[in-house]
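I opened my notebook to record what I looked up in this structure, going from the whole chain down to single residues. The entries follow the order in which I asked my questions.

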Amino acid sequence: MTTTSTDFPLTGEPLALDLLNTRPADGDLIADPAGLRAWLAGQAGRLSPVAEVGAAEVAAVQAVREAARAAVEAARCGERPPGGALRVLNEAMRGAPAHPELAWTGGGLTAAPRRAGPAARRLAAELAEAVAELVTGPRAGEVRRCEGPGCVLLFLPANPRRRWCVASLCGNRARVARYYARHRPTPA
């Protein structure tokens, strides 16, 4: 499911792509704690809750995002990712490894993954794990960059004909531009 807003133009993609899409062509949507808090709120249920978001969490998420960008781009092209990107992602996952935690739900036992450690490390580890799942998964080569002029957002198409991150934004812009190009008066 893809949603749009003025703050986050594309969400609902695999978590790794939602993270990369926090860096559109015109800025950084998680440049400060308020931006990261807003993004985390939009990802509710996909990540473990983080009580406090400060500079450490912003720095950890941005480091994973930059490593993810290089790893995903390489995976899209079927190339070897830079060693530095893999190192950052591996260190992030190693910083807060997941372990199963048993809980009684009234109807039976469940085992859910839990991470120990500071919030910044837990958050970085979860995001790095999402990147690892994407780049090692069977659809890594299907990740696309939006064809909208100036758009840098990435998506994993459910339909092989999908060309834009959000059809109502970039798609409409492209259609309008083609219309005006076809109907522009020819100079005398």
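**What covers one helix**

I began in the middle of the chain, where the cover over the buried residues of α3 includes α1 (15–20), α2 (33–42), α4 (83–95), α5 (119–136) and β4 (154–155). I note for myself that I am reading a predicted model.

I then asked which residues of α3 are buried. I found Glu-57, Val-58, Ala-60, Val-61, Val-64, Arg-65, Ala-67, Ala-68, Ala-71, Val-72, Ala-74 and Ala-75 on that list. I also looked at the dimensions of α3, which runs over residues 55–77, has 23 residues and reaches 33 Å from its first C-alpha to its last, close to the 33 Å expected at 1.5 Å a residue. Just past the end of α3, I came to Gly-78, which takes a positive phi of about 70°.

**The whole protein**

Stepping back, I counted six helices and four strands in the protein, and I wrote down their order along the sequence as α-α-α-α-β-β-α-β-β-α. I looked up how much of the protein is buried and found that 37% of its 188 residues are. For the surface, I noted that the protein exposes about 10,800 Å², of which carbon and sulfur atoms supply 56%. Turning to contacts with a separation of 6 or more, I read that residues 24 or more positions apart account for 50% of them.

**Leu-15 and its surroundings**

Next I picked Leu-15, which has its place in helix α1, and asked whether Leu-15 is buried or exposed. Its relative accessible area is 11%, and because buried means under 20%, I entered Leu-15 as buried. Setting aside its neighbours within four places in sequence, I listed Trp-39, Gln-43, Arg-46, Leu-47, Leu-127 and Ala-130 as the residues in contact with Leu-15. I also checked a pair that lies 114 residues apart along the chain, Leu-15 and Glu-129, and found their C-alpha atoms separated by 9.7 Å.

**Following one contact to Gln-43**

From the contacts of Leu-15 I followed Gln-43, which I located in the loop between α2 and α3. Its relative accessibility is 1%, so Gln-43 counts as buried although its place is in a loop. I asked what Gln-43 touches when residues up to four places away in sequence are not counted, and I wrote down Thr-11, Leu-15 and Asp-18.

Note on methods. Residues are numbered from 1 along each chain as its sequence is written. This is a predicted model: local features need pLDDT of at least 70, side-chain atom pairs count only at pLDDT 80 or more; totals for chains, interfaces and linings use all residues. Side-chain values use heavy atoms; hydrogens and water are left out. Helices (H or I, at least four residues) and strands (E, at least two) are DSSP runs, numbered from the N terminus. The expected span of a helix is 1.5 Å times one less than its number of residues. Buried means under 20% relative accessible area, exposed over 50%, partly exposed in between (1.4 Å probe, protein chains only). Contact means heavy atoms within 4.5 Å. Accessible areas come from the Shrake-Rupley method with a 1.4 Å probe; for residues, only the protein chains shown count as cover.
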